[in-house]
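Thank you all for coming; I would like to take a few minutes to walk through one model with you. Please have the sequence and the coordinates open while I talk.

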Amino acid sequence: MVKIKTGVYFIGTDKPVFTQDGEGPIRPVELNSFYIDKYEVSNKNFEIFVNATGYKTEAEKFGNSFVFDGLISEEVKSKIEQAVAQAPWWLPVDKASWRHPEGPDSNITYRMDHPVIHVSWNDAVAYCTWLGKRLPTEAEWEVTCKGGLDDRLYPWGNKLTPNNKHRINIWQGEFPNKNTAEDGFKGTAPVTEFPPNGYGVYNIAGNVWEWTSDWWSVKHTKDKTHNPTGPATGSDKVKKGGSYLCHENYCFRYRCMARHQNTPDTSAGNLGFRCAKDDV
């Protein structure tokens, strides 16, 4: 983990891309010092947790999870009869889970250093609690993402590919039909891939969406808040950072200030997490 020092930081933006997501306004937050994982939780780490506790994820209990159609075998695809109406590239795959990311004919044998996926918010909380940690608040996550920089789009600055080098695992090409994988990955990348930001944190943007502890709201005060934790209740939880499926023309949400939401029991092939901890 890395320590983020006590201080007043700014989150949000006055130049929102998706106004409906509540990306603005810029607002000051005063945070107590805290620790946050340098890396997204990997399959290896999650397996240690499962082996120690016998934990079953919600995807395993439900019997299916959502997978991007471009990663599914033709055999598995032939058995699927439904899709998400607004996003037909998302398919519910029977027996897709963290151990079988693209369905029963897939495995993580050579992906133990990749981020665990198909974990719901509830699953992520169970893992963090087992370690004596917690999920980061949205404010903590966003401050960490910025790596000590103010008013920058990405964890390292404003240019997506500085010196023509890829710094992030996102979609290249034409979404959703052609992924050229110029960054080296069509799906997830190892949690240690690409250079870290100024705080020494890896893959906080791109790769997989990351759960935060906050309930979703699109209304924010401009006033300074102290250790904000979001609304007291809600139906959806905030996720941050975008994923390997994000493209500027479709889901330009791999910006530090971007945000989106899912229900706490949602799981998908591009949804993971990292843990945080109080500095006590």
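Let me begin with a question: is N227 buried, partly exposed or exposed? Before I answer, please keep in mind that what we are looking at is a predicted model. N227 has a relative accessible area of 25%, and because buried means under 20% and exposed means over 50%, N227 counts as partly exposed. This residue sits in the loop between β10 and β11, and its phi is positive, near 45°, although it is not a glycine.

There is a second residue of this kind, which I would like to set beside N227. A181, in the loop between β8 and β9, also has a positive phi without being glycine, in this case near 55°. With a relative accessibility of 17%, under the 20% limit, A181 is therefore classed as buried.

While we are on the backbone, let me mention two cis peptide bonds. One runs from G24 to P25, with omega near 0°, and P25 belongs to the loop between β2 and β3. Another joins F175 to P176, again with omega at about 0°, and P176 is found in the loop that lies between β7, residues 173-174, and β8, residues 178-179.

That loop between β2 and β3 takes us to a sheet. It is an open sheet of three strands, in the order β2-β3-β10, and its pairing is mixed. β2, residues 7-11, and β10, residues 225-226, are the edge strands, each of them pairing on one side only. Between β2 and β3, the latter covering residues 27-31, there are five bridges, and these two strands run antiparallel; within this pairing, Y9 stands opposite V29 of β3. Helix α5, residues 138-146, packs on the sheet and touches both β2 and β3, with its direction at about 90° to that of β2. How many of the residues of α5 are buried? The count is nine of its nine, and among them are E138, E140, E142 and K146, as well as W141 and V143. Directly after α5 comes G147, with a positive phi near 60°.

L31 is a convenient residue from which to look at this arrangement, since it belongs to β3. Its relative accessibility is 1%, and so L31 counts as buried. Leaving aside residues up to four places away in sequence, L31 touches K5, T6, G7 and Y9, then A139, E140 and V143, and also N227 and P228. N227, with which I opened, is thus one of the contacts of L31.

Let me turn now to another set of strands, around β11. Strand β9, residues 209-215, is joined to β11 by three bridges in an antiparallel arrangement, and here E210 has K240 of β11 as its bridge partner. β11 also pairs with β12, again antiparallel and over three bridges, with K239 and H260 as bridge partners. Which way do the residues of β11 point? K237 and K239 point one way, V238 and K240 point the other way, and all of them are buried. As background, side chains in a regular strand alternate between the two faces of the sheet.

K239 and H260 bring me to the open space in the model. The largest pocket holds about 670 Å³, and of the 27 residues that line it, those nearest its centre are A87, W90, K239, H260 and N262. Strands β5, residues 64-68, and β12, residues 260-262, each contribute at least two residues to that lining, which by class comprises 13 nonpolar, 11 polar and three charged residues.

How many cavities of 30 Å³ or more are there? The count is two. The largest cavity has a volume of about 80 Å³, and P155, W156, R167, P195 and N203 are the closest to its centre among its 13 lining residues. Its lining has 10 nonpolar, two polar and one charged residues. The second largest cavity, of about 30 Å³, has a lining that includes N43, W98, R111, H114 and T188, and its classes divide into five nonpolar, three polar and one charged.

I will stop here and am glad to take comments.

Notes:
Residues numbered from 1 in each chain as written. Predicted model: local features only at pLDDT ≥ 70, side-chain atom pairs only at ≥ 80, totals over all residues. Heavy atoms only, no water. 1 Å grid on protein atoms, 1.4 Å probe; cavity = no way out; pocket = protein on both sides within 12 Å on 5 of 7 lines; lining within 4 Å. Points joined across faces, edges and corners; volume = space filled by probe spheres on them. Helix = DSSP H or I, 4+ residues; strand = E, 2+ residues; numbered from the N terminus. Nonpolar A, V, L, I, M, F, W, Y, C, P; charged D, E, K, R; others polar. Buried < 20%, exposed > 50% of the residue type's maximum accessible area, 1.4 Å probe, protein only. Pairing = 2+ DSSP bridges. Contact = heavy atoms within 4.5 Å. Axes fitted to C-alpha atoms, helices over the stretch in contact; angles between N-to-C directions.
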